[in-house]
Amino acid sequence: MLLNHLFQKKYPHLDWIQVEVSSYCNASCIYCPHTAYKQNWRNRYLSMEAFTNLVAAFRTAKLVYLQGWGEPFTHPQFFEMVRLVKKAGCMVGTTSNGMLLNRDIIKRLITEGIDIIGFSLAGVDEENDSIRKGTRIKKVLECIEEIHNAKHKYASGTPAIHIAYMMLRSGLNALERLPGFLRRTGADQTVVSSLSFVTRPAMEPESILSAGEKEYTELKRRFIQIRDESANKGAGVYFHVVSPVKNQFSCSENIPHAVVVGSDGSISPCVMKQIPVKGENYYYCAGQKQLQKNVSFGNIHTDSLNTIWHRKEYRKLACNFQKVKTPDVCKDCLKRNIDSL
């Protein structure tokens, strides 16, 4: 018995554990799978039982991020989950569309010790509202201001305010306004991403931001200029954009050092392989309809995350990433061609 304990594989020290606490969403963003697959979407909450089964893994992780394909604040036990993470001694963050936040919830963000609160945007003005239908940029900015005020009132350095900015091709002309916009929000960090999962043919032109390497070189110069201007204004901006370079392998999902937990408790290497739909679903790449296959290595309802993490198939996948070798399940994913600036 003692020998079994001595040779038992230990919990991994992960950079983050991303937990989809809810797949329900109160918005209908035009680029989101939740909107495209609405008729086949699985609306569900992660149970507290399943969440509690993750606590041992939280103790060896740097960050637990409570966010997936839904709006986290729809979960009625969201703050109970936050308390469990903090009790485990881990940082905790979340990303929201902001529409369910009010003064009381914002106060709890601070008193419960949330380290990061992110807001999703797709524009610097009301254009955002036409893309992220069901949300209002005015409301998001009001929430950010209220968080700044509450942090001052309670003499708190947290939560840090992050912005997840979806850059569509039709919104490229607004990018030069981004540094000034971010300075006004006082956001600590912004990640600008290009669309890497196309759910409808009409959205594909919004994803591929360049026709080839020559155009991309010019776009890249522009992105770096905006990044540097933002830094001069005190705003940290990072670009994660789809590159036109063929066979480049630069995934942004940190597969060897992170894990995704779905709202049904399933354990996956990436959010792109954890889309909560019934039956088959598809995406579009280079004009071709592609079958989207979810990938799960186990479920937290029946096994510990430690047991699942050390399974042979999971370790083989992670090993491929460490060798910068594209696994078969990732060959048609645009996230494998991410250029981080």
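Start with the whole chain in view and check its overall size: for 341 residues, a compact globule would have a radius of gyration near 20 Å, and this predicted model has 20 Å, so the two agree. If you draw a box along the principal axes, the C-alpha atoms fill roughly 65 × 50 × 40 Å.

Now switch to a cartoon. You should be looking at 13 helices and 14 strands. Turn on a contact map if your viewer has one: among contacts with a separation of 6 or more, 75% link residues 24 or more positions apart.

Next, put a surface on the chain. The accessible area comes to about 16200 Å², and carbon and sulfur atoms own 50% of that. Underneath, 55% of the 341 residues count as buried. While the surface is up, colour by charge: there are 45 positive and 32 negative charges, and their mean positions sit 4 Å apart.

Time to go inside. Hide the surface and show the largest nonpolar core, a set of 105 residues. Which residues have the most contacts inside it? Select Val19 and Leu66. Then highlight residues 137-153, which form helix α8; this helix gives the most to the core, with six residues.

Stay with Leu66 and expand the selection to whatever it touches, skipping neighbours within four places in sequence. You'll pick up Val19, the other residue just named, as well as Val21, Phe51, Pro72, Phe78, Met81, Val82, Val92, Gly93, Thr94 and Thr95.

From that list, click on Thr94, which lies in strand β4, residues 91-96. Is Thr94 buried or exposed? Its relative accessible area is 0%, under the 20% cut-off, so Thr94 is buried. Expand around Thr94 in the same way, again ignoring residues up to four places away, and you get Tyr65, Leu66, Gln67, Pro72, Phe73, Phe78, Ile116, Ile117 and Gly118. Pro72 and Phe78 turn up around Leu66 and around Thr94, so keep both on screen if you want to see how these two neighbourhoods join.Last stop: go back to helix α8 and pick Glu146, which lies in it. What does Glu146 touch beyond its neighbours within four places in sequence? Arg103 and Ile106 are its contacts there. Draw a distance from Glu146 to Arg103, C-alpha to C-alpha, and your viewer should give 7.3 Å, for a pair 43 residues apart in sequence.

Methods. Residues are numbered from 1 along each chain as its sequence is written. This is a predicted model: local features need pLDDT of at least 70, side-chain atom pairs count only at pLDDT 80 or more; totals for chains, interfaces and linings use all residues. Side-chain values use heavy atoms; hydrogens and water are left out. A nonpolar core is a set of buried Ala, Val, Leu, Ile, Met, Phe, Trp, Tyr and Cys residues joined through side-chain atoms within 4.5 Å. Buried means under 20% relative accessible area, exposed over 50%, partly exposed in between (1.4 Å probe, protein chains only). Helices (H or I, at least four residues) and strands (E, at least two) are DSSP runs, numbered from the N terminus. Contact means heavy atoms within 4.5 Å. The radius of gyration is taken over C-alpha atoms; the globule rule is 2.2 Å times the number of residues to the power 0.38. Accessible areas come from the Shrake-Rupley method with a 1.4 Å probe; for residues, only the protein chains shown count as cover. Lys and Arg count as positive and Asp and Glu as negative; His and the chain ends are not counted. The place of a charge is taken as NZ of Lys, CZ of Arg, CG of Asp or CD of Glu.
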